[in-house]
Amino acid sequence: MNFQEFQRLAIRTAKPLPFRENLRHVTYGVTGEAGEFADAVKKFDIYGQDLNKDNAKEELGDLLWYIALGAETLGTDMEELAAYCIEKLKKRYPDQYSDQLAEARLDKANPQ
């Protein structure tokens, strides 16, 4: 499955809402699902429980659903978001990650 197909299938399950309400729905949903993912990691990291990978994957999938809704609401698609992200990362880390490049944020540098 590619991002376009995922977005199409995800959006068919979204409650139809006006633009502003969709943005709120996405914001609350992303925040809530990120919190649920963080809770799964907290139980593993802080409380020494086994990592519930199935639950963690479910929460990441739910995040994707909200990202699809956000993309749709903003009139774009997940393919475009993914491409934009990769282009930004190529500018920021031309070869690979380094702490120095992370601090320099070359993608945000203003040309003189």
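This passage looks at salt bridges, one helix and a surface patch in a predicted model.

A search of the whole structure finds four salt bridges. As general background, side chains of opposite charge can pair when their charged atoms come close. In helix 2, which covers residues 19-45, the side chains of Lys 42 and Asp 39 meet in such a bridge, with 2.8 Å from N to O. These two residues sit three places apart, about one turn of the helix. An α-helix has 3.6 residues a turn, so residues three or four places apart point the same way. Lys 42 is partly exposed, at 35% relative accessible area, and Asp 39 is partly exposed too, at 27%.

Helix 4 offers a similar arrangement: Lys 90 and Glu 87 both belong to this helix and are three residues apart. Their closest N and O atoms are 3.4 Å apart. Glu 87 counts as partly exposed because its relative accessibility is 40%, a value between the 20% and 50% limits.

Another bridge joins Asp 107 and Arg 92, at 2.6 Å from N to O. This pair links distant parts of the chain, with Arg 92 in helix 4 and Asp 107 in the segment after helix 5, 15 residues apart. Both residues are buried. Elsewhere, salt bridges with shared partners connect Asp 39, Lys 42 and Lys 43 into one network.

Helix 4 runs over residues 78-92. At its start, a side-chain oxygen of Asp 77 comes to within 3.0 Å of the backbone nitrogen of Glu 79. Leu 81 also lies in this helix and is partly exposed, at 37% relative accessibility. Together with Phe 3, Leu 64 and Ile 67, Leu 81 forms a nonpolar surface patch with about 300 Å² of accessible area.

Methods:
Residues are numbered from 1 along each chain as its sequence is written. This is a predicted model: local features need pLDDT of at least 70, side-chain atom pairs count only at pLDDT 80 or more; totals for chains, interfaces and linings use all residues. Side-chain values use heavy atoms; hydrogens and water are left out. Patches are made of residues with over 30% relative accessible area and no salt bridge: like charges are joined within 9 Å, nonpolar side chains (Val, Leu, Ile, Met, Phe, Trp, Tyr) within 5 Å. Accessible areas come from the Shrake-Rupley method with a 1.4 Å probe; for residues, only the protein chains shown count as cover. Helices (H or I, at least four residues) and strands (E, at least two) are DSSP runs, numbered from the N terminus. Buried means under 20% relative accessible area, exposed over 50%, partly exposed in between (1.4 Å probe, protein chains only). A polar contact is a pair of N or O atoms within 3.5 Å; within protein, one must be able to donate a hydrogen and the other to accept it, and residues adjacent in sequence count only if both atoms are side-chain atoms.
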